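Reader: Please examine the salt bridges of this model closely. Which residues do they pair, and which parts of the chain do those pairs connect?

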Amino acid sequence: MRCLIQNLMRHIALAAMASALLFSSAAFAQGNSLGDLLQADAPVNGQTRAERQRELPNLFQQVLVRVSGTTQVLENEIIRNEISSFNDYLLQYGYQSAENVISLQASFDERRVRDLLQRAGFPIWTGDRPQLLLWVAENNPDLGVRLVRRSEQRPFLEGLYSEAQRRGIRMLMPLMDLEDQMAVGARDVWGRFQREVLQASQRYPVAGVVSARMYSAEMPGLESFDDLSVDAFTDAPDAVSLTPIEPNLVMETTIVIGDMQFIEYVTAADEETLARNFVNQVTDRVAALFISQSDDGSELITLRFSGFSDIGQLLAAEQMLQQQGQVYRVHLAQYQQGIAEFHVQVNGGAAWLAQALAFERRVQRIAAPEQDLPVVDDFDTAERKPTLEYRWLR
């Protein structure tokens, strides 16, 4: 093992500069490295200390929501007590001016944020977050049923993109070029014809597809749709008829990620708020798929990777594992002839890690179903056997 480490260190020394460029480029392209998630910005009227002290707690809360993957983090007593101590977590701040708008930018300390979330009982949602493709059909009073295009200037899209950036999730809308128009129509999305929507989405490198229909409706005086069955909305939008509230916009969405599918109903009084509510509900739901809050403690599993052609790819794989939110330690056990074996300590077990890596486009699963492994504390004395096997693609 000592010889292995020495050889690897020599390779690392020779490739250090190239590896650093590789990592920074990959993080920038993905747009959701932990460093990116720990940064936030907001428009301000000036650069006075008083205004900065008013806005920085809001940016700190924004970072905590983004990194934890849930708005519930702000309801935690430990978190609430620490918001006023934001300066203890602040790494640096600065200002940027563009088009007569001044923005306050801040970044927060990774170690301190990790420690705070751990004390409060929240995991960290890192890794390659799934990119979602969004198809939206609306019932326009003048134009009828139509697809919302990403080139439109409207409050819905402004709220959608800004809230997605705030929550750290990537959403894009289809090009709606000739190929898209031939593959799917507005009534396909409106009518929930999922087969057509999913087939049209295959040309996009995304992990999930969201199809939604948006309309204005006279809905019952309900606080939420949680009390309504799914069947109530499978036919006409006016399936339920009670005392209306004014005004009200509705989005009925179907989200498909891998083999998982779920439905969300979103309401709001205006387009921008509707979009923000939609992003928050979907992000909370998606985060729950990636984050396990197991009470059973951490588990030690083995991952075997094949297909490495250089040391840079090996280091990229190790960094990818370290970025997964529930992974506590990553240990390179052996590496030879393009095959590496990592011992990984993870909360949630092999099933959780397999689910998280299912959305990593750099790897391909080739393993048999997961095996049960004992919970262990010592990397050196624990009995290990491979449970997950992957091929490195790039």
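Author: In this predicted model, Arg213 forms a salt bridge with Glu252, and their closest N and O atoms are 3.2 Å apart. Arg213 belongs to strand 7 and Glu252 to strand 8 (residues 249-257), so this pair ties together parts that lie 39 residues apart in sequence. Both Arg213 and Glu252 are buried.

A second pair joins Glu138 to Arg154, with 3.1 Å between the closest N and O atoms. Glu138 sits in strand 4 (residues 131-140), whereas Arg154 is in the loop between strand 5 (144-147) and helix 6 (155-167); the salt bridge therefore ties together parts that are 16 residues apart in sequence. Glu138 is buried, as is Arg154. These two residues also take part in a wider arrangement: salt bridges with shared partners join Glu138, Arg146, Glu152, Arg154 and Glu271 into one network.

A further pair consists of Asp177 and Arg203, whose closest N and O atoms are 2.8 Å apart. This pair links distant parts of the chain, 26 residues apart: Asp177 lies in the loop between strand 6 (170-172) and helix 7 (178-183), and Arg203 in the loop between helix 9 (194-201) and strand 7 (208-216). Asp177 counts as partly exposed because its relative accessibility is 27%, and Arg203 is likewise partly exposed, with a relative accessible area of 33%.

The pairs described here are among the 20 salt bridges found by a search of the whole structure.

How values were computed
Residues are numbered from 1 along each chain as its sequence is written. This is a predicted model: local features need pLDDT of at least 70, side-chain atom pairs count only at pLDDT 80 or more; totals for chains, interfaces and linings use all residues. Side-chain values use heavy atoms; hydrogens and water are left out. A salt bridge is a side-chain nitrogen of Lys or Arg within 4 Å of a carboxyl oxygen of Asp or Glu. Helices (H or I, at least four residues) and strands (E, at least two) are DSSP runs, numbered from the N terminus. Buried means under 20% relative accessible area, exposed over 50%, partly exposed in between (1.4 Å probe, protein chains only).
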